[in-house]
Amino acid sequence: MSDTVDERIARVTFNGDGLVAAIIQQWDSREVLMLGWMDAEALRRTLTEGRVTFWSRSRQEYWRKGDTSGHIQLVRGARLDCDGDAVLVEVEQVGPACHTGTRTCFDADDLEAARGPELPA
């Protein structure tokens with residue numbers, strides 16, 4: 001038998017502010033779209049309603065992605081990492097994921113990291 005939503009949420013290690021990092025990934029391409037924050041209630045809504053809900057740290061309120069922009073995120077799956085302190089939410093992204101209008105929140109500022117050596121064949 002499957003765990004209840006409360007039992008699944010109880011496995012999450014929330015930080016001192018009661019939040020967990022939520023990595024949002026396009027379900028089919030595996031493209032990382034954005035990072036948001038969820039408290040237990042935002043996670044509950046995400047797991048039960050089929051749309052991604054975040055906790056806004058700046059506005060101190062819940063926000064469901066796309067309610068104002070129309071750029072919704074339809075949940076396709078959710079996983080907890082091995083330490084329990086991050087959530088991966090797989091979505092079908094409709095429109096841009098970033099509030100700047102870009103596909104992802106990670107295509108604006110390349111930090112130009114050194115590339116590691118190639119592995120031997």
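In this predicted model, Asp-85 is found in the loop that links strand E5 to strand E6. Asp-85 counts as partly exposed, because its relative accessible area of 39% falls in the range from 20% to 50%. Leaving aside residues up to four places away in sequence, Asp-85 touches Thr-13, Val-20 and Ala-21. The loop between E5 (73-80) and E6 (86-93) also holds Asp-81, which is partly exposed too, at 30% relative accessibility. An unreviewed UniProt entry places the feature "binding site" at Asp-81, Asp-83 and Asp-85.

A further set of positions carries a "binding site" feature in an unreviewed UniProt entry, namely Cys-82, Cys-98 and Cys-105. These cysteines are spread over 24 residues of sequence, and they are spread in space as well, with up to 27.0 Å between C-alpha atoms. Of these residues, Cys-98 and Cys-105 belong to the lining of the largest pocket. Cys-98 is placed in the segment after E6, and Cys-105 lies in the segment after E6 as well. How exposed each of them is can be read from the accessibility values: Cys-98 is buried at 7%, whereas Cys-105 is partly exposed at 32%. The two are in contact with each other, as the neighbours of Cys-98 beyond four places in sequence are Arg-103, Thr-104 and Cys-105. On the same basis, Cys-105 touches Leu-33, Met-34, Ala-97 and Cys-98.

The largest pocket itself has a volume of about 330 Å³. Its lining is made up of 17 residues, and those nearest the centre are Met-34, Leu-35, Gly-36, Trp-63 and His-99. Strands E2 (32-38) and E3 each supply at least two residues of this lining. The greatest contribution comes from E2, with four residues. Met-34 thus appears twice in this account, as one of the residues nearest the pocket centre and as a contact of Cys-105.

Strand E3 deserves a closer look. Thr-53 and Trp-55 point one way from E3, while Phe-54 and Ser-56 point the other way, and all of them are buried. In a regular strand, side chains alternate between the two faces of the sheet. E3 runs antiparallel to strand E4 (residues 61-64), and four bridges join the pair. One of the partners across this pairing is Arg-64 in E4, which bridges to Thr-53. The two strands make a hairpin with four residues between them, and Gln-60 in the turn has a positive phi of about 55°.

Just ahead of E3 comes a loop that begins after helix H2 (40-49), and Arg-51 lies in this loop. Is Arg-51 buried or exposed? With a relative accessible area of 14%, Arg-51 is buried, because this value is under the 20% limit. The side chain of Arg-51 makes a polar contact of 2.9 Å with the side chain of Asp-67. Not counting residues up to four places away in sequence, Arg-51 touches a broad list of residues, among them Arg-45, Thr-46, Arg-64, Asp-67 and Val-75. Arg-64, the bridge partner of Thr-53, is therefore also a contact of Arg-51, since buried Arg-51 touches Arg-64.

Helix H2 also contains Arg-44, which is partly exposed at 28% relative accessibility. Which residues does Arg-44 contact beyond its neighbours within four places in sequence? They are Val-5, Asp-6 and Ile-9. Arg-44 and Ile-9 are 35 residues apart in sequence, yet their C-alpha atoms are 7.3 Å apart in space.

Two further residues stand out for their backbone angles. Arg-30 is not a glycine but has a positive phi, near 70°. Arg-30 sits in the loop between strand E1 (20-26) and E2, where it is partly exposed, at 46% relative accessibility. Glu-112, likewise not a glycine, has a positive phi of about 50°. Glu-112 is found in the segment after E6, and it counts as exposed because its relative accessible area of 67% is over 50%.

How values were computed: Residues are numbered from 1 along each chain as its sequence is written. This is a predicted model: local features need pLDDT of at least 70, side-chain atom pairs count only at pLDDT 80 or more; totals for chains, interfaces and linings use all residues. Side-chain values use heavy atoms; hydrogens and water are left out. Buried means under 20% relative accessible area, exposed over 50%, partly exposed in between (1.4 Å probe, protein chains only). A polar contact is a pair of N or O atoms within 3.5 Å; within protein, one must be able to donate a hydrogen and the other to accept it, and residues adjacent in sequence count only if both atoms are side-chain atoms. Contact means heavy atoms within 4.5 Å. UniProt positions are given in the numbering used here, feature names are shortened, and annotations may be inferred rather than shown by experiment. Two strands pair if DSSP finds at least two bridges between them. On a 1 Å grid over the protein atoms alone, a cavity is a set of points where a 1.4 Å probe fits but cannot get out, and a pocket is an open set with protein on both sides within 12 Å along at least five of seven lines; lining residues have an atom within 4 Å of a point. Grid points are joined across faces, edges and corners, and a volume is the space filled by probe spheres set on the points.
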